[in-house]
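Me: I have a chain open in front of me and would like to walk through it with you. Shall we take it one question at a time?

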Amino acid sequence: MGTKDSKAKEYLSDNTRFSEICNYVLFDGEKVIKPEDLKECDTTEVLSVFGIDKKQIVKQKWRDLLKSVSVKHTGQMYVILIGAEAQTDIHYAMPVKTMIYDALNYGEQVNEAKKRHRKNRDYRSSDEFLSGFTLDDKLTPVITITLYLGTTQWDGPRSLAEMMPQMDERILPFINDYRINLLNPLEITDFSKFETGLRPLFELLKNASDEEKLNDLITKDETFTRVDVETVAAINLFVGTDIKYDEKEEVVNMCKAWDDHKKLGIQEGMQRGMQQGMQQGRLFEIYLSVQEGDYSAKRGAEKAEMSLDEFEKAMSKAGYKIPELV
């Protein structure tokens, strides 16, 4: 896993941010899932497949994040598993990737039921014994959310069907499709449903390619006057900014930091310009000395720290002439 992907996983592991993502995708921003209701799960999902020889075949896959949560609905509680996949780049096989993750988890649930029933010896029929799963057993729903943290538009497939070629429409009903639950900040129109650092991060991701909008957001939106340091670090990494901040502080005034960043950039630009000007001036002095015969072109090239051929070309391009040897 690259640096960006590992940092994205670390940033999203916070329960408050994770719950906000879930609520936005699943409940249109309504605060149904609370941070304290989330429980971290092992992201190593194991599916055991038993062959004729009874040998165990094990496949392992690693999700970025997997958490369980109890949700109340019509007076009853039910549990769901929510996985999150952070993508800093477009993944053109994302529907297959998430389908495998979800299938492995469902397969593990069936295996756990099988182990439990064999231990308790409570199968009621040969059908249940062969299935390893009884008529009364229920699966815990698994939902995978793909969070895209790139700055270019997602042009990858959003369903399994989009990955397939054109075919006879009569067979389409027999092919099970599988779609991804994509959260793409570049497609969000209402950021007010986010109250954590996800809001400034998502807003800047959406406008990363427009420097004017980026500047207006940071300098005019009050949201950016108090941004937690973890989000500022995420903004620098995913948006590509270079905002300086004190890691010891809990919140950062990005408006001031951005202004300081621009002023520093101007100062550095002026310094570079002065240095370049001084270097250029020194070169012109060398060109003039060679043109007037104070010393040879070879000596001029040595002073300019160039090869003789490079020096002669540069001197000619600057409008100076090398004296002809008599």
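**An aromatic cluster and its surroundings**

Me: Which residues form one aromatic cluster with Y24?

Reply: Happy to start there, with a note that this is a predicted model, where local features need pLDDT of at least 70, side-chain atom pairs count only at pLDDT 80 or more, and totals for chains, interfaces and linings use all residues. Residues are numbered from 1 along each chain as its sequence is written, and side-chain values use heavy atoms, with hydrogens and water left out. Rings of Phe, Tyr and Trp (its six-membered ring) pair if their centres lie within 6.5 Å; planes under 30 degrees apart count as stacked, over 60 as edge-to-face and the rest as tilted. The cluster joins Y24 with F194 and F202.

Me: What does F202 touch, not counting residues up to four places away in sequence?

Reply: Contact means heavy atoms within 4.5 Å. F202 is also among the residues with the most contacts inside the largest nonpolar core, which has 43 residues (a nonpolar core is a set of buried Ala, Val, Leu, Ile, Met, Phe, Trp, Tyr and Cys residues joined through side-chain atoms within 4.5 Å). The residues F202 touches are L147, L149, L183, P185, I188, F191 and F194.

Me: Is helix 5 largely enclosed or open, and how many of its residues are buried?

Reply: Helices (H or I, at least four residues) and strands (E, at least two) are DSSP runs, numbered from the N terminus. Buried means under 20% relative accessible area, exposed over 50%, partly exposed in between (1.4 Å probe, protein chains only). L198, P200, L201, F202, E203, L204 and L205 are buried in helix 5. Helix 5 (residues 198–206) is therefore largely enclosed by the rest of the structure, the buried count being 7 of the 9 residues.

**Helix 2**

Me: How far apart are the end C-alpha atoms of helix 2?

Reply: The expected span of a helix is 1.5 Å times one less than its number of residues. Helix 2 (residues 15–27) has 13 residues, so it should span 18 Å. The model agrees, with the end C-alpha atoms at 17 Å.

Me: Which residue caps the N-terminal end of helix 2?

Reply: Look for a side-chain oxygen 3.1 Å from the backbone nitrogen of T16. Just after helix 2, there is also a positive phi of about 55 degrees, at D28. The N-terminal cap is D14.

Me: Over which ring does the charged end of R17 sit?

Reply: A charge sits over a ring if NZ of Lys or CZ of Arg is within 6 Å of the ring centre and within 35 degrees of the ring normal. R17 is one of the buried residues of helix 2, as is F18, and K67 lies over the face of F18 at 5.0 Å from the ring centre. For R17, the distance to the ring centre is 3.9 Å, and the ring is that of Y11.

**The loop at T88**

Me: Is T88 buried or exposed?

Reply: T88 is in the loop between strand 5 (76–87) and helix 3 (94–120). Its C-alpha is 4.9 Å from that of G150, although they are 62 residues apart in sequence. At 10% relative accessibility, T88 is buried.

Me: With which side chain does the side chain of T88 make a polar contact?

Reply: A polar contact is a pair of N or O atoms within 3.5 Å; within protein, one must be able to donate a hydrogen and the other to accept it, and residues adjacent in sequence count only if both atoms are side-chain atoms. T88 touches residues including K4, Y148 and F238. At 2.8 Å, the polar partner is D5.
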